[in-house]
Amino acid sequence: MSVNGKSSITLMKTLQTSTEVYSICPYDVNRFIVGTEGDQRHARMIGLNGQESDIPSLTFPDKTYDAGYCHCTYLPSDGVLAVTYYDDHTVQLYQIGPGTSRTVKDGRIQRPAGICGAQGRVFVACLGTGTVVEMTVQGEIVKCHDVGMVWPYTISVTQDGGHMVVAGEGWGNSTIKLFKMEYA
């Protein structure tokens, strides 16, 4: 990936949160959804003004997770919050609004970690299989991508779905790989 040479970042404000934040993704122009650690609310909303709130209509499993055991991403075009549950080998797809959810449990999802979404698809880095699982927002597994890593951990896909970046670790070395995505 490349960034224009004139790009710069400027600190606008610092927000203090009441819970530890492990992942973050935009919800709308004024709010983010954050994945938490050590909190029974596995994801929360935080506004640019610092106001924290629960996500309306969602109920999470009654369990607290440590850092790295629960990651989330939000797909605004589908209204879906996708959450990985490392120990349970599952991905939970929450439909924000109606408050419905679907559990995706499949042998190809083992120790899911990083998660992202684009173009109506959810991509999950699975440490237990060394693959990236691609699924629809309805929970149908489309494909398992062999990314040639022992432990793929973090993932990002461009919004147009054309490129995927996977970062992983294995036996003392860290790797970042860029993939071009082509659809038949």
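User: How should I read the charge distribution here, and how far apart are the mean positions of the positive and negative charges?

Analyst: In this predicted model, Lys and Arg are taken as positive and Asp and Glu as negative, with His and the chain ends not counted, and each charge is placed at NZ of Lys, CZ of Arg, CG of Asp or CD of Glu. On that basis the protein has 14 positive and 18 negative charges, whose mean positions are 5 Å apart. Because the model is predicted, local features need pLDDT of at least 70 and side-chain atom pairs count only at pLDDT 80 or more, whereas totals for chains, interfaces and linings use all residues. Residues are numbered from 1 along each chain as its sequence is written, and side-chain values use heavy atoms, with hydrogens and water left out.

User: How many helices and strands are there, and how does the radius of gyration compare with the globule rule?

Analyst: Helices (H or I, at least four residues) and strands (E, at least two) are DSSP runs numbered from the N terminus, and by that assignment the protein has 0 helices and 15 strands. Its radius of gyration is 16 Å, close to the 16 Å that the globule rule gives for 184 residues, so the protein is as compact as a globular protein of that length; the radius is taken over C-alpha atoms, and the rule is 2.2 Å times the number of residues to the power 0.38. Along the principal axes, the C-alpha trace spans about 45 × 40 × 35 Å.

User: What share of the residues is buried, and what supplies the exposed area?

Analyst: A residue is called buried under 20% relative accessible area, exposed over 50%, and partly exposed in between, using a 1.4 Å probe and protein chains only. Buried residues make up 43% of the 184 residues. The protein exposes about 10100 Å², of which carbon and sulfur atoms supply 49%, the areas coming from the Shrake-Rupley method with a 1.4 Å probe.

User: Where does Val124 lie, and in which strand?

Analyst: Val124 belongs to strand 10 (residues 121–126), and at 0% relative accessibility this residue counts as buried. Contact means heavy atoms within 4.5 Å, and leaving aside neighbours within four places in sequence, Val124 is in contact with nine residues' worth of partners that include Thr84, Val91, Pro112, Ile115 and Met135. The C-alpha atoms of Val124 and Val83, which are 41 residues apart along the chain, are separated by 9.6 Å. For the protein as a whole, among contacts between residues at least 6 apart in sequence, 37% join residues at least 24 apart.

User: Which residues do Thr90 and Thr36 touch?

Analyst: Thr90, in strand 7 (residues 90–95), is buried with a relative accessible area of 8%, and its partners, not counting residues up to four places away in sequence, include Val83, Tyr85, Val104 and Ile109. Thr36 lies in strand 2 (residues 31–37) and is buried at 2%; beyond its neighbours within four places in sequence, this residue is in contact with Thr19, Glu20, Tyr22, Arg41, His42, Ala43, Arg44 and Cys70.

User: Is Lys180 buried or exposed?

Analyst: Lys180, in strand 15 (residues 173–180), counts as exposed at 62% relative accessibility. Leaving aside neighbours within four places in sequence, Lys180 is in contact with Gly162 and His163, and its C-alpha atom is separated by 6.0 Å from that of Gly162, 18 residues apart along the chain.

User: Which phi values do Arg111 and Gln119 have?

Analyst: Most residues other than glycine have a negative phi. Arg111, which is not a glycine, has a positive phi of about 50 degrees; it lies in the loop between strand 8 (100–105) and strand 9 (112–118) and is partly exposed, at 29%. Gln119, also not a glycine, has a positive phi of about 55 degrees, and this residue is found in the loop between strand 9 and strand 10, where it counts as exposed at 58% relative accessibility.

User: Why do Cys116 and Cys144 form no bond?

Analyst: A disulfide is a covalent bond between the sulfur atoms of two cysteines. Here the criterion is a pair of cysteine sulfur atoms within 2.5 Å, and the count comes to 0 disulfides. The sulfur of Cys116, a buried residue at 8% relative accessibility, is 10 Å from the closest cysteine sulfur, in Cys25, and therefore too far for a bond. The sulfur of Cys144, which is partly exposed at 29%, is 7.1 Å from the closest one, in Cys126, again too far.
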